[in-house]
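Work through the exercises below with the sequence and the structure at hand. Each task is followed by its solution.

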Amino acid sequence: MATGIKFGPRFDTIAVHGAYSAEVALRDAGGSVIEPIFASTSQSFASSDEMEEALAYRKPAWAYSRIHNPTIGYLEATVAALEAYQADVEASALCTSSGMSAIKQAIEPLLVLPHAGHCINFVSSAQVYGGTFQLFSERMSERGAVPRWVCEPWDITQWEEFIDEDTRFLYVEVPSNPQQSFVCIDSLAKLAHSHSIPLIVDSTVATPALCRPLEWGADIVVQSLTKTMGSSGAALGGAVIAKHDLTSRHLTDEQKENYAMWLKLLPFRDSGPCMSPMSAFSFLCDIRTLRSKMELFSNNTVQVVDFLDNHPKVAKTHYLGLYSHPLHRLAGKYMMLADTCKSMYGHLCCFEVEGGIQPTRDFFDKLQMIMRATDLGRVKSIATIPAISTHQQQGEAGRCLAGVSPNMVRLCVGGENYLDIIADLEQALG
Ligand SMILES: *Cc1c(COP(=O)(O)O)cnc(C)c1O
């Protein structure tokens, strides 16, 4: 529940310092002002006793970088603190090699079949990232865990209709990439909890600077750190942030108590999708200024969307920040710049070029500064056509289900001066 006031360091202070205090710097790193990169694969021990204690998880240690590493530990503490900021919950984070591996780590233990041949299910918004759509519809289905797609996720009754005793969790992306759908997070969390199952939220596009689903009752948040959290674009990574004592009638008490830590010590250790310490360092550096970057990107996007929405060659503009967007008020309740009362809608917008597919491709090919790439959250503006990139492999039917039209352009606005972004769009539309 959103309680508002909680004392302790503010958002920016956590983002800048995380768990790496002046005291920790002196104790562990010769006073280094920024977090050191522990490039070592493993930790050496003083004695056989110490080694045995460490490997039995009885003594704090990091042992081997597939399990843990101090640089990754600094990042995990920072990400967990930012996601749990101002929420009445304790949370821990597990960092992984990519956003997709974070999603896979988060859901797999929830999808254990009661016995071979028995089919189980989970209910997910159809408006999810293309990789997630494929993971759910191909990889999970082939092992007997079938996704049930909700096409209008803002309508809670559509979720309700799909839940039965074989449902393991609810999964939603807010805002979704690229359609920008949104849900009433607290109502969905309540629905999940009334069936004793968890709500998992991918909030990559919002980042904790704009929205923190744990505060609204979600059990698990997944992040592709690759994207906005790592806005400079130098590393791939993901995170599972789970609240302690989460809701699930399918997990044991031991698993639920600190799910992220349990994942880390057991299934993640055994499957090995670990982050590199260099990547963790890169994310730490990017996250320090996350909130001010989200403010800049959001303000730039408002200007760019205003230009697009009034351009005769643009058939339709989709941005949660537009008053005309049907989910504008709903999103504004949940997307607020941390430590302010200002609703902000982030850096992701979509638009359709008048005339269909060919004019869309002509426009796209004429962009000069804005890069053509399947990427988002960069400090550089990036455009893509989801139907031929991120959402290509799910096919026409899958795109239809997810609401991705063939002439939709996704634009992720960066930190350039917005007048230069608009100038590039203008010449390409001309
Ligand atoms: C990119 C993305 C992912 C996957 O992250 P990777 O780091 O590329 O594996 C998951 N969810 C969303 C919303 C994304 O944009």
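For sorting residues by class, Ala, Val, Leu, Ile, Met, Phe, Trp, Tyr, Cys and Pro count as nonpolar, Asp, Glu, Lys and Arg as charged, and the others, Gly among them, as polar. The model is predicted, so local features need pLDDT of at least 70 and side-chain atom pairs pLDDT 80 or more, while totals for chains, interfaces and linings use all residues. Residues are numbered from 1 along each chain as its sequence is written, and side-chain values use heavy atoms, with hydrogens and water left out.

**Exercise 1.** Describe the shell around the ligand by class and by helix.

Solution. Begin with the residues near the ligand (a heavy atom within 4 Å of it). There are 13 residues around the ligand, and Gly99, Asp202, Ser224, Thr226 and Lys227 are the closest. Sorted by class, the shell holds 3 nonpolar, 7 polar and 3 charged residues. Next, look at helices (DSSP runs of H or I, at least four residues) and strands (runs of E, at least two), numbered from the N terminus. Helix H5, residues 99–107, gives the most to this shell, with 3 residues.

**Exercise 2.** Find N or O atoms that lie close to the ligand's oxygen atoms.

Solution. Use the polar contact, a pair of N or O atoms within 3.5 Å; within protein, one must be able to donate a hydrogen and the other to accept it, and residues adjacent in sequence count only if both atoms are side-chain atoms. In the side chain of Thr226, an N or O atom is 2.6 Å from a ligand oxygen. For Gly99 a backbone N or O atom is 2.8 Å from an oxygen of the ligand. Asn177 places a polar side-chain atom 3.0 Å from a ligand oxygen.

**Exercise 3.** Is H5 mostly covered or mostly open, and what caps its N-terminal end?

Solution. Apply the cut-offs: buried is under 20% relative accessible area, exposed over 50%, and partly exposed in between, with a 1.4 Å probe and protein chains only. H5 is mostly covered, with 7 of its 9 residues buried. Among the buried residues of H5 are Gly99, Ser101 and Ile107. The cap is Ser98, where a side-chain oxygen lies 3.4 Å from the backbone nitrogen of Met100.

**Exercise 4.** Place His193 and state its exposure class.

Solution. His193 belongs to helix H8, residues 185–194. His193 counts as partly exposed because its relative accessibility is 26%. The C-alpha atoms of His193 and Pro277 are 36 Å apart, with these positions 84 residues apart along the chain.
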